[in-house]
Amino acid sequence: DSAEAARNKERIIKLARTPENSLCADCPLHGPTWISINIGAFVCLPCSGIHRNLGVHISKVRSISMDALNDDWVDNMERWGNARVNAEWQANLPKDY
């Protein structure tokens, strides 16, 4: 509903402004405007395209500003965020990767 979407827009914008989420999870661009709702990562426009190409069985991408976000999606973003996502998914990458 519209009340849920409005409430969650405020929540996600607040989350996006935290230091850990102020950079794209996948590259050094500032101010990510897209999210992977199942992974819990904030990503920039170019990286959102990469996530979309992975397929929805891997990453489900939504816009922070254009999509209506539900409570479950924003709850997941609060649970994860870029610091935790990268600690989990990049934990075993070679140092020079």
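This report describes the fold, surface and two residue environments of a predicted protein model.

## Overall architecture

The protein is built from four helices and three strands, and, read from the N terminus, its elements follow the order α-β-β-α-β-α-α. The radius of gyration is 13 Å, close to the 13 Å that the globule rule gives for 97 residues, so the protein is as compact as a globular protein of that length. Along its principal axes, the C-alpha trace extends over about 45 × 30 × 20 Å.

When contacts between residues at least 6 apart in sequence are considered, 55% of them join residues at least 24 apart.

## Burial, surface and charge

Of the 97 residues in the protein, 37% are buried. The exposed area of the protein comes to about 6200 Å², and carbon and sulfur atoms supply 56% of that area.

The charged side chains comprise 11 positive and 12 negative ones, and the centres of these two sets are 1 Å apart.

## The environment of threonine 33

Threonine 33 belongs to the loop that runs between helix H1 (2-16) and strand S1 (34-36). With a relative accessible area of 39%, threonine 33 is classed as partly exposed, because this value falls between the 20% limit for buried residues and the 50% limit for exposed ones.

Once neighbours within four places in sequence are left aside, threonine 33 is in contact with Val43, Cys44, Ser63 and Ile64. For one of these partners, serine 63, the separation from threonine 33 is 30 residues in sequence, while the C-alpha to C-alpha distance is 6.2 Å. The side chain of threonine 33 also makes a polar contact, at 3.5 Å, with the side chain of tryptophan 34.

## The environment of asparagine 76

Asparagine 76 is located in helix H3, which covers residues 71-79. Its relative accessible area is 11%, and asparagine 76 therefore counts as buried, since the limit for that class is under 20%.

Leaving aside neighbours within four places in sequence, the residues in contact with asparagine 76 are Ile37, Asn38, Ile39 and Gly40. Asparagine 38, which is among them, places its backbone oxygen 3.3 Å from a polar atom of the side chain of asparagine 76.

## The two sites side by side

Threonine 33 is a partly exposed residue in a loop, whereas asparagine 76 is a buried residue in a helix. The side chain of threonine 33 has a polar contact with another side chain, that of tryptophan 34, while for asparagine 76 a polar side-chain atom lies 3.3 Å from the backbone oxygen of asparagine 38.

Definitions and conventions. Residues are numbered from 1 along each chain as its sequence is written. This is a predicted model: local features need pLDDT of at least 70, side-chain atom pairs count only at pLDDT 80 or more; totals for chains, interfaces and linings use all residues. Side-chain values use heavy atoms; hydrogens and water are left out. Helices (H or I, at least four residues) and strands (E, at least two) are DSSP runs, numbered from the N terminus. The radius of gyration is taken over C-alpha atoms; the globule rule is 2.2 Å times the number of residues to the power 0.38. Buried means under 20% relative accessible area, exposed over 50%, partly exposed in between (1.4 Å probe, protein chains only). Contact means heavy atoms within 4.5 Å. Accessible areas come from the Shrake-Rupley method with a 1.4 Å probe; for residues, only the protein chains shown count as cover. Lys and Arg count as positive and Asp and Glu as negative; His and the chain ends are not counted. The place of a charge is taken as NZ of Lys, CZ of Arg, CG of Asp or CD of Glu. A polar contact is a pair of N or O atoms within 3.5 Å; within protein, one must be able to donate a hydrogen and the other to accept it, and residues adjacent in sequence count only if both atoms are side-chain atoms.
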